[in-house]
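Here are some worked exercises to try with the model open beside you. Have a go at each task before you read the solution.

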Amino acid sequence: MTEPPAKRRNATCAIIGAGDFIGSAIARKFAAEGYTVFAGRRSADKLEKLKAEIEAAGGACVARGLDARKEEDITSFLQEADAFAPLEVVISNPGANVNFPILDTTERVFFKVWEMACKAGFLTGREAARLMLPRGKGSIFFTGATASLRGGAGYAAFASAKGGLRMMAQAMARELGPQNIHVAHLVIDAGVDTDFVRDRIRSARGEEAVANLAPDTLMEPASIADAYWYLHQQSRDAWTFEMDLRPYKETW
């Protein structure tokens, strides 16, 4: 039986990169906890299902199309959320995971990945801080990956961008923490249970490997969303900057 949503808060949660899996799961979680969720991704049409799900469960969701690489899009999106109700939570979650051998990594690919995985986070964090600092509170969270910590073969562009995002987030946390803004970076250090990941397993090891995946081998988006909620609930005398998440069987 589905639990009723929490009482509606006079506060908003903005998610930039509200994709079909992690981003949508975070949106559903914060909506269930009473936040009006502002969900943004490249195509607003792709947010219709998420918006309908949240509203059917008694929550509130505003869906907007945006380009996370464009300053004006980020600024207007976050300002709209803050004008609706005080902006308390901002999550930067654009996807930019690509695999290219180094000789096939063009300048355009490298720059585009950096824009999505690093620059977009900078713009989001800076504009969120502008809105939160006058009230002296808020949470700004960034989605990282295994590539945030180490560069794998074929991931030069992605790892450089995610590594840059991590360092940017750490600098923000050191600067904004003393002003009561909780900045955190989450390392998603395993495959998430998505169609994309299952297709990669299928291509590498065959259909049987997908059919015989042990329970909890892949990360459930809802479990990841719970981690974001946990961070937002932390007491400021014991804030976490970096949290890494992986299934119990993951080798690392």
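## Exercise 1: Two helices side by side

Helix H1 and helix H2 (residues 48–56) have axes that come within 10 Å and cross at roughly 20°. Bear in mind throughout that this is a predicted model.

**Task.** Work out whether H1 and H2 are roughly parallel or roughly antiparallel to each other.

**Solution.**
- Step 1: Start from the crossing angle of H1 and H2, which is roughly 20°.
- Step 2: Compare that angle with the cut-off: angles under 35 degrees count as roughly parallel.
- Step 3: H1 and H2 are therefore roughly parallel to each other.
- Step 4: Add the handedness, which is right-handed for this crossing.
- Step 5: Look at the residues that meet. H1 brings Ser24, Ala27, Arg28 and Ala31, while H2 brings Leu50, Glu53 and Ile54. By class, the residues of this contact are four nonpolar, one polar and two charged.

## Exercise 2: Reading the sheet

**Task.** Find the order of the strands in the open sheet, and say which are the edge strands.

**Solution.**
- Step 1: Trace the seven strands across the sheet; their order is E3-E2-E1-E4-E5-E6-E7, with parallel pairing.
- Step 2: The edge strands, E3 (60–65) and E7 (242–245), each pair on one side only.
- Step 3: From one strand to the next, the twist averages 15°.
- Step 4: Zoom in on E6 (residues 181–188) and E7, which run parallel and are joined by four bridges. Here Ile188 stands opposite Leu245 in E7.
- Step 5: Return to H1 (residues 22–32), which lies across E1 (12–16), E2 (36–41), E3 and E4 (87–92). H1 runs at about 175° to E1.

## Exercise 3: A second helix pair

**Task.** Describe how H3 and H4 cross, and name the residues that make their contact.

**Solution.**
- Step 1: The axes of H3 and H4 (residues 107–132) come within 10 Å, crossing at roughly 35°.
- Step 2: The H3–H4 crossing is right-handed.
- Step 3: On the H3 side, the contact is made by Glu71, Ile74, Thr75, Leu78, Gln79 and Asp82. On the H4 side, the partners are Leu123, Thr124, Arg126, Glu127, Ala128 and Leu131.
- Step 4: Sorted by class, the contact of H3 with H4 has five nonpolar, three polar and four charged residues.

## Exercise 4: Buried or partly exposed?

**Task.** Decide for His185, Asp82 and Ala214 whether each counts as buried or partly exposed.

**Solution.**
- Step 1: Recall the cut-offs: buried means under 20% relative accessible area, exposed means over 50%, and partly exposed is in between.
- Step 2: His185 lies in strand E6. Its relative accessibility is 0%, so His185 counts as buried. Beyond residues up to four places away in sequence, His185 touches Phe142, Gly144, Ser148, Arg166, Ala169, Phe241, Glu242 and Met243.
- Step 3: Asp82 lies in H3 (residues 71–84). With 18% relative accessibility, Asp82 counts as buried too. Leaving aside neighbours within four places in sequence, Asp82 is in contact with Thr12, Leu87, Leu131 and Arg135.
- Step 4: Ala214 sits in the loop between H7 (207–211) and H8 (221–233). At 29% relative accessibility, Ala214 counts as partly exposed.
- Step 5: For a sense of place, the C-alpha atoms of Ala214 and Phe21 are separated by 20 Å, and these residues are 193 residues apart along the chain.

Key
Residues are numbered from 1 along each chain as its sequence is written. This is a predicted model: local features need pLDDT of at least 70, side-chain atom pairs count only at pLDDT 80 or more; totals for chains, interfaces and linings use all residues. Side-chain values use heavy atoms; hydrogens and water are left out. Two strands pair if DSSP finds at least two bridges between them. Axes are lines fitted to C-alpha atoms, for helices over the stretch in contact, and angles run from 0 to 180 degrees between N-to-C directions. Contact means heavy atoms within 4.5 Å. Angles under 35 degrees count as roughly parallel, over 145 as roughly antiparallel, 65 to 115 as roughly perpendicular and the rest as oblique. A crossing is left-handed if the near helix is turned anticlockwise from the far one by less than a right angle, and right-handed if clockwise. Ala, Val, Leu, Ile, Met, Phe, Trp, Tyr, Cys and Pro count as nonpolar, Asp, Glu, Lys and Arg as charged, and the others, Gly among them, as polar. Buried means under 20% relative accessible area, exposed over 50%, partly exposed in between (1.4 Å probe, protein chains only).
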